[in-house]
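Biologist: Could you walk me through this one? I'd like to begin with a single loop residue and then move on to the rings.

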Amino acid sequence: MGRITSVEQMEMIKKNFGFWVASFAFLLSLNLMGQVGSTNTPRSAYQEIVYLHHNKALVFAGEQLYYKMYVLQSGTKAMSNFSKIGYVELVGEDSNVVFRHKIRLNNGIGQGEFFIPVTVPSGNYKLIGYTQWMKNSDMDHFFKSDIGLINPFQNNQTSIAQNLDESNSPSPDTDPGNYETENTQNRIFTFALNKKTFTFRDQGILTIKALQKNSGSYSLSISKLDTIGKTPLLSAQGYMLQQRAADGQKIIGSTNPDNLPELRGELVSGRIIPKDPNLKLEEEVVALSLPGEQFVLKLTRTNGNGEFYFNLNQEYQNNGAFVQILGENKDAFAIELDEQSSINYADLKFDQLVITPQMTDLILKRSVHNQVENAFIEMKRDTVQPIQQILPVYRNFSKVYDLDDYTRFSTIRETASEVLEHVWIHRGNKDGEQLKIRGAEDEIDPNSIPLVLMDGLLIQRHSDIIDFDAKRIKKVNLSREDCVINSIVYKGIIAMETIDGNFHQEFSRDFILETELFSPLPSKRYFNQQYTARNTSKSAQIPDFREQLLWLPEVTLEEETTKIEFYTSDVAGTYEVYLEGFTEQGDPVSWKETFVVK
């Protein structure tokens, strides 16, 4: 799935759309609406509501679909601190999932984006938002919004053409949301653009004044108004009106839910399967390692059914995971991780995108703009936010050996003997030799072992690395203090770092399950074009065909006056500014305004 970067594909677009228009007289309608079903049973106090603010209801191959997730408590409508992970999916009419994202939630807030590749066909799609806990009730409770997608790089447009004779009226159970209904923003904020008509590469300033003290979370999008099809976006106010109408009619589902809430972070679960049916399943220690410079190590125990759970409450860089059973029974079980359960989307109803032959030039022009923008994407990159690392107690090392400061020896065995104080090799274990470390009070316990890590990967059979090439080791970190992880006690820590940091890529054992986690998206700071006196000469050489002028997923409006700057591009037309969000108390705020660039 690659980006569209070649301007040579213009002829292909013309050819495909020529074929499209010649073969079909497209009649499509695009309506962006959310659906909320109901039952006749009371709503649980722990039910959650998800609202997604996304930047477009009509997207093209080669564009970004941006979104922000808001999760609220059903009863109070305040931001929810219940679930720490949210899920966003884009689903087609054939029930196929184009993408499934896992989103970290901080006080009910998260964000993400998806680049539409050329492999995704034109058609009608749904953007779905939910939490793991919400999966215990039926899908009517999920956030659902219609997305129209145009891919001019594919010949097959039958998914849209088949709607030629169908009615393009909105579905009866959807509501586009009215920005003029219940003007919450008039009680909380005032909004003003510095002007209504802009020139190319002109500076715009949005001034927001708070009429009362407010702390909440908001998102802002400024993009070219779609003239292809109908594109009403579901506002936060409109969606919450639907929720109020459905109050008292929703249920959390079974009293014994199949999907546990992710209360403390990302939940990774699985089970151990005995090779001997007479083996007991409970109280086996299971380790999860996510190697790397900022590694993650988790230990847990199995229950009577052999099930285990890890809570990943911190961000991580490497989603390559290593799971192993610790102790004498490490070879006696197989390990199986739970997969993300799929959702049955067979009953989804989709609004229909309507395209006419007269829209071919508009489609071609927008595709050209996308290709030029993607050709210069390296100069307009989004920035991944640095990970906020949580340092657990087992990384407080008392001694760090940078082996470049010492005589280099051939193996870890020799290095332990000649360089590492208080460390020695003990013989006699059935797994072979073991590394040992003298305790903080110089005590020696022959029955206990240290926690041994190599690039963050837990090494339980020390003989696997004792003769490892020490010239590949950069540092050895030591702690002589007892280390306790989830009630499991280690006598000190020996944590080694290789020069290349890739030990886990070449290490494998039969008792270790290697897998890729379905990890949350990283947080990003999105590119914001600036035309200032300092960068004008450089920027003047770069084409600017942005139709999405600004996407700010996190706007805080705690000050009395907030000014947000943006710059127009070289694309003329009518643009739309719309802000969505919620106050700390859960009051929805929606505001929309248009301006012209010419």
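Modeller: Bearing in mind that this is a predicted model, a good place to begin is Asn303, which is found in the loop between strand 15 (296–301) and strand 16 (307–312).

Biologist: Is Asn303 buried, exposed or partly exposed?

Modeller: Asn303 counts as partly exposed, because its relative accessibility is 28% and the partly exposed class covers what lies between 20% and 50%.

Biologist: And which residues is Asn303 in contact with, leaving aside neighbours within four places in sequence?

Modeller: Those contacts are with Leu281, Glu282 and Tyr309. For Leu281, which is 22 residues away along the chain, the C-alpha atom is separated from that of Asn303 by 7.0 Å.

Biologist: What does the side chain of Asn303 reach?

Modeller: The Asn303 side chain reaches the backbone nitrogen of Asn305, at a distance of 2.9 Å.

Biologist: Switching to rings, how many aromatic pairs are there?

Modeller: The count comes to 25 aromatic pairs. One of them joins Tyr51 and Tyr239, whose ring centres are 5.9 Å apart with the planes at 40 degrees, so this pair is tilted.

Biologist: Where do Tyr51 and Tyr239 lie?

Modeller: Tyr51 lies in strand 1 (residues 48–54), while Tyr239 lies in helix 4 (residues 236–245), so the pair ties together parts that are 188 residues apart in sequence. Both Tyr51 and Tyr239 are buried, and ring pairs link these two with Tyr70, Phe143 and Phe582 into a cluster.

Biologist: What about Phe503 and Phe507, how far apart are their ring centres?

Modeller: The centres of the Phe503 and Phe507 rings are 5.1 Å apart and their planes are at 25 degrees, so that pair is stacked. Both Phe503 and Phe507 are buried as well.

Biologist: Which rings have the charged end of a Lys over them?

Modeller: Among them is Phe511, where the charged end of Lys330 sits over the ring, 5.8 Å from its centre. Another is Tyr401, with the charged end of Lys399 over its ring at 5.2 Å from the centre.

Biologist: Now the whole protein: how many helices and strands?

Modeller: The protein has 7 helices and 32 strands, and buried residues make up 52% of its 598 residues. Taking contacts between residues at least 6 apart in sequence, 77% join residues at least 24 apart.

Biologist: What share of the exposed area do carbon and sulfur atoms supply?

Modeller: Carbon and sulfur atoms supply 47% of the area that the protein exposes, which is about 26,700 Å².

Definitions and conventions. Residues numbered from 1 in each chain as written. Predicted model: local features only at pLDDT ≥ 70, side-chain atom pairs only at ≥ 80, totals over all residues. Heavy atoms only, no water. Phe/Tyr/Trp six-rings, centres within 6.5 Å; stacked < 30°, edge-to-face > 60°. Helix = DSSP H or I, 4+ residues; strand = E, 2+ residues; numbered from the N terminus. Buried < 20%, exposed > 50% of the residue type's maximum accessible area, 1.4 Å probe, protein only. Lys NZ or Arg CZ within 6 Å of the ring centre and 35° of its normal. Contact = heavy atoms within 4.5 Å. Polar contact = N/O pair within 3.5 Å; in protein donor to acceptor, adjacent residues only side chain to side chain. Areas by Shrake-Rupley, 256 points an atom, 1.4 Å probe, with all protein chains shown as cover.
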